[in-house]
Amino acid sequence: MDASEEPLPPVIYTMENKPIVTCAGDQNLFTSVYPTLSQQLPREPMEWRRSYGRAPKMIHLESNFVQFKEELLPKEGNKALLTFPFLHIYWTECCDTEVYKATVKDDLTKWQNVLKAHSSVDWLIVIVENDAKKKNKTNILPRTSIVDKIRNDFCNKQSDRRSLPLFSRCCSSSRTPWCSMTSWTPSSLSMWSTSGPGVSVPPGALDCWVFLSCLEVLQRIEGCCDRTQIDSNIAHTVGLWSYATEKLKSLGYLCGLVSEKGPNSEDLNRTVDLLAGLGAERPETANTAQSPYKKLKEALSSVEAFEKHYLDLSHATIEMYTSIGRIRSAKFVGKDLAEFYMRKKAPQKAEIYLQGALKNYLAEGWALPITHTRKQLAECQKHLGQIENYLQTSSLLASDHHLTEEERKHFCQEILDFASQPSDSPGHKIVLPMQSFAQLRDLHFDPSNAVVHVGGVLCIEITMYSQMPVPVHVEQIVVNVHFSIEKNSYRKTAEWLTKHKMSNGIINFPPETAPFPVSQNSLPALELYEMFERSPSDNSLNTTGIICRNVHMLLRRQESSSSLEMPSGVALEEGAHVLRCSHVTLEPGANQITFRTQAKEPGTYTLRQLCASVGSVWFVLPHIYPIVQYDVYSQEPQLHVEPLADSLLAGIPQRVKFTVTTGHYTIKNGDSLQLSNAEAMLILCQAESRAMVYSNTREQSSDAALRIQSSDKVTSISLPVAPAYHVIEFELEVLSLPSAPALGGESDMLGMAEPHRKHKDKQKTGHCMVTTDHKVSIDCPWSIYSTVIALTFSVPFRTTHALLSSGTRKYVQVCVQNLSELDFQLSDSYLVDTSDSTDLQLVPLNTQSQQPIYSKQSVFFVWELKWTEEPPPSLHCRFSVGFSPASEEQLSISLKPYTYEFKVENFFTLYNVKAEIFPPSGMEYCRTGSLCSLEVSITRLSDLLEVDKDEALTESDEHFSTKLMYEVVDNSSNWAVCGKSCGVISMPVAARATHRVHMEVMPLFAGYLPLPDVRLFKYLPHHSAHSSQLDADSWIENDSLSVDKHGDDQPDSSSLKSRGSVHSACSSEHKGLPMPRLQALPAGQVFNSSSGTQVLVIPSQDDHVLEVSVT
Amino acid sequence: ISDVPIYEADLSVVKKKDISEHLSQFILHQSLDTVDELVWRSSHMYLKTIDSFNNYSVSAYCTPGHIKFLLLYKNKNYINDNLRSFFEIVHENYIRVLLNPLYEPNGIIISSLFDQNVHLAAKKFLHQ
């Protein structure tokens, strides 16, 4: 039930009809405080907040305290005013939780329930602290805990209600020593005052009352506490100090005590009203020298006294706030103080408070307080004549979007007005940070890679975002550029610079969030670590916690000396290199500004500062970040020659690319490249050659005709006219002549007749092409020195040859292998005998004149050798074949054929070896396991020849004979040779002389078996000069015959008989004695007429027995 | 360490106010001093009414990560539970903002959803 809503009758209140207040709880306690209470209560002025929008009033009230009885509570509907109990108070001095739980709580609950039943909501619980009682008990909890309990038990159910401002401040100082009020509902107060006299309060009366109340409370506290107690309770009392200061301030403004001229008559009237309303001072303080009453009266009496008291209070409050770390509150009071100083025309005193407050707001980024304080600061700086500071603050305010357009324009105009003033000292500059005036948003280079050659033109376009509310004419915008030379860095070479490009040449500058420096970002992150401390004895955990390792970083004192608003520290750089743009009007928002410069000295140019001048005011961006650089380079002219394909092929026309980088040299009319011709390399001059001319950045291009003149020694290429820092590109065809004398070495290697060397060569080169280098010396117009260029050509073919025999008929086979990736057409193959013996004829067996040879494939050519008289011991041959790329159309020039030279020796057949196997007598077929006879006949085919004349040849009675060794070897283990498998024979050197050898062999398998090999060696006597080539140990120990056997076949180690026969062959010789040597007969000298023949072997009935006996 | 505002909203129904916008910021800023002290004395996140200025009050709520929510209102019969509920809903929505991987902690909240939800919560708990 809210009584204030009731329409009230206009009764004249006399204090006989005092409002009824009931008292419950500890009656003795109440009786003890009653005398003081009944005396003091009427003296406390109360605010009477009246309904229906009427102004509140301050009133004094007496009340009638009666003991609480349920009957006193009004029945439903009964609203008799005079008997209505307005407030119910419960009194207790309980300070023991046990007692509280046992009795007081129940009692309180009952009381509350009764009140609730009658819808009485206005109640108060008073706990009185009794120091004497407290001392008697030891287990007493602090009083506050009882308060908290009561608050928890009873007050939470109450809805929060408005309370007097003073009250909430008192609540925060909850340790007021004598009493604590947990609930005071003001509706009862307004009810009280409703019934009080209708006194109208003059403006400021409330302020006076609050001021006096605050000071009286503070005085009371000071009276009963010592200094240290007061100091430790500043947190609770400072609110009252601040409140008193605030009220005194508003009284001062109200009574004209703060204005420059002092109070006018109206102000004085108001002051008189207020002073009169204060009434007489209470008797108990009337005689003291200092009292809140006297203080107020004095403060309102004169401008000087007010100032003194106001400053005293303000300084005391600021000091207290600062001492307990409530910096924000201190700054807020300081800002009021600054306002006061400004009113008093003392801007020099105001400045420090405004700067202090502003710094605090800036650090915490509170936009509106910043704007408001900055505005005050601007005024202050203007009065102080701090021109630079004022202009800077003005520029910050002109760009501040929290201000109105008019205010911004005003501050902008202030700057422009100053800038247009003729300066006292010409050339004097006022340097201000650019940030608030305009911001650099982006920058872009043209050319976009920010690289330009000496003499080239570079454009830099920047976007400046003007923060000013109106267009501003700027005399000049200047970029200071720092020049440096980095000669030793590869990154600064012309090659690197012209090849590496930036993505798009645009550099964006992060929009700065100033003027809100977020200090969090500058602080390091917390470094937290777990901490465990264990007992050293049993390793049990003693303590655990978290440690901050970088606490010294986080808790260090913030720099307080540096002011964020000071324009100091912005220094104007004066450099030799500047980019300038004059007479620019910066419109509000984005503006494009273009700088143009011609590159002079090579090096790196770094953009350092950006300045904009408006009259004598210079706005400076001290550092351009991220770093912006451009490079100027100088380049030496250069010539590059490189093949178009991966590798150049010899013998066919190949394209080669010439690149002339002009650098700083300008190609004039008549400039040419002079190529001294290499002997084996031709430069093919085409009818129309064209060259492309590019600028270094490849942006522009043109083409020009190329004139090429050739003489025997020199090829001259006339270059097209080209400016500096351009590139000329053209292609030429070159031809490396195959098998020319320059290729002699390779030709020899290819044409090796010796089988052994050929084998080694194959291993070494594999399938790689043989290469040849041609060096060309080129004279360039820009240099007196010749440029030597090496071109490597690969021979596309590899050639091998072989001698083939059929009895005494002889054939030469040439194999051409194409190693390249290209297909060729071969034509006109020839083989000629270079020794030019008329007797010899080479008959080609290849009929086709044209023969394609595909990539990675081979083609064979065969000639038959024919002769009529005695053949020469050796034959020198030259193979030549014409070739051209298969894919291409008719070539403009005729190509030289590919040649290959080789030598064939000892090609004439001297011996015919024939082997035959016969089944055992009486049998039709050979059987496995049964011995068969092997008949070998060695027949001499010619009389004595030149080649026979060696150490083995012996002469007796004009008959010549030589020593041969035969050996029967079966590599396929089809046959077991029984008895001696080798032997030395003396062979007459006469046509048709035949030597027969008979031996026994046993077939091990059934089927058509090839015959065992019969090998023939020349047996040289031991007194030969070459005997040292083989020593006895290797001869005996080595399983294989350490002789130059023909072919790669190894003696079969599994053939016991065969190996044993070798031992027997040499066992006749004693160890350590010189031994005879074996020499393989050249392939052409022995013809095996039975090679390839086979014998049918049929299986025996009990072949399994035989298998065991043999293996 | 630094109390940079990361979100501000005017939740009042009546657009005409008897207090300037900058003054309300001054009051709120100053009240941070009280919050800083109360935070260490209370185990609750909701700190109730912590300050008043003339007929304005400031209620506060401090998250475990020490993000502070301040509500400035003209003395009015707000039920404590409603204020608490309002703050709790703001807290919940703030956590959602934090969960956004694109939001940098302590950065200015520009999420329109957050703003919308704060206004909805104000409508539900403060504008009855």
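Tutor: A salt bridge is a side-chain nitrogen of Lys or Arg within 4 Å of a carboxyl oxygen of Asp or Glu. In this predicted model, A:Asp267 and A:Arg270 form one, with their closest N and O atoms 3.5 Å apart.

Student: Why are A:Asp267 and A:Arg270 separated by about one helical turn?

Tutor: The two residues are three apart in helix H10 (residues 265–278) of chain A, which means that about one helical turn lies between A:Asp267 and A:Arg270.

Student: How many salt bridges does the rule find over all chains, and how many across the interface of chain B and chain A?

Tutor: Over all chains, the count comes to 30 salt bridges. Across the interface of chain B and chain A, the rule gives four. A salt bridge also joins the side chains of B:Asp36 and A:Arg328, at 2.9 Å from N to O.

Student: How should the interface be read as a whole, and how many residues does each chain bring to the contact?

Tutor: One may begin with the residues and then turn to the area. Chain B brings 28 residues to the contact and chain A brings 31 residues. About 2900 Å² is buried between the two chains, and carbon and sulfur atoms give 53% of that area. On the side of chain B, the residues that lose the most area to chain A are B:Phe26, B:His29 and B:Asp33, which together account for 24% of what that side buries.

Student: How many residue pairs are in polar contact across this interface, and which elements of chain B supply the side that touches chain A?

Tutor: Nine residue pairs, both members at pLDDT 80 or more, are found in polar contact between chain B and chain A. Helix H1 (21–38) and strand S1 (46–53) of chain B each supply at least two residues of the side that touches chain A. The largest share, 13 residues, comes from H1(B). By class, that side of chain B comprises nine nonpolar, twelve polar and seven charged residues.

Student: Turning to enclosed space, how many cavities of 30 Å³ or more does a search of the whole structure find, and which residues line the largest cavity?

Tutor: The search finds eight such cavities. The largest holds about 100 Å³ of space. Its lining includes A:Pro871, A:Pro872 and A:Pro873, together with A:Phe907, A:Phe908 and A:Gln1085. By class, the lining of this largest cavity has seven nonpolar, two polar and two charged residues.

Student: Where in the backbone of chain A should one look for cis peptide bonds, as at A:Pro447?

Tutor: Omega is the angle to read. The bond from A:Asp446 to A:Pro447 is cis, with omega near 5°, and A:Pro447 lies in the loop between strand S9 (438–446) and strand S10 (451–453) of chain A. The bond from A:Tyr625 to A:Pro626 is likewise cis, with omega near 0°. A:Pro626 is in the loop between strand S19 (617–621) and strand S20 (628–633) of chain A.

Student: What is the phi of A:Ser973, and where is this residue placed?

Tutor: A:Ser973 has a positive phi, about 55°, although it is not a glycine. Its place is the loop between strand S44 (959–969) and strand S45 (975–978) of chain A.

Definitions and conventions
Residues numbered from 1 in each chain as written. Chains lettered and ligands numbered in written order. Predicted model: local features only at pLDDT ≥ 70, side-chain atom pairs only at ≥ 80, totals over all residues. Heavy atoms only, no water. Contact = heavy atoms within 4.5 Å. Buried area = accessible area lost by both parts, 1.4 Å probe. Polar contact = N/O pair within 3.5 Å; in protein donor to acceptor, adjacent residues only side chain to side chain. Helix = DSSP H or I, 4+ residues; strand = E, 2+ residues; numbered from the N terminus. Nonpolar A, V, L, I, M, F, W, Y, C, P; charged D, E, K, R; others polar. 1 Å grid on protein atoms, 1.4 Å probe; cavity = no way out; pocket = protein on both sides within 12 Å on 5 of 7 lines; lining within 4 Å. Points joined across faces, edges and corners; volume = space filled by probe spheres on them.
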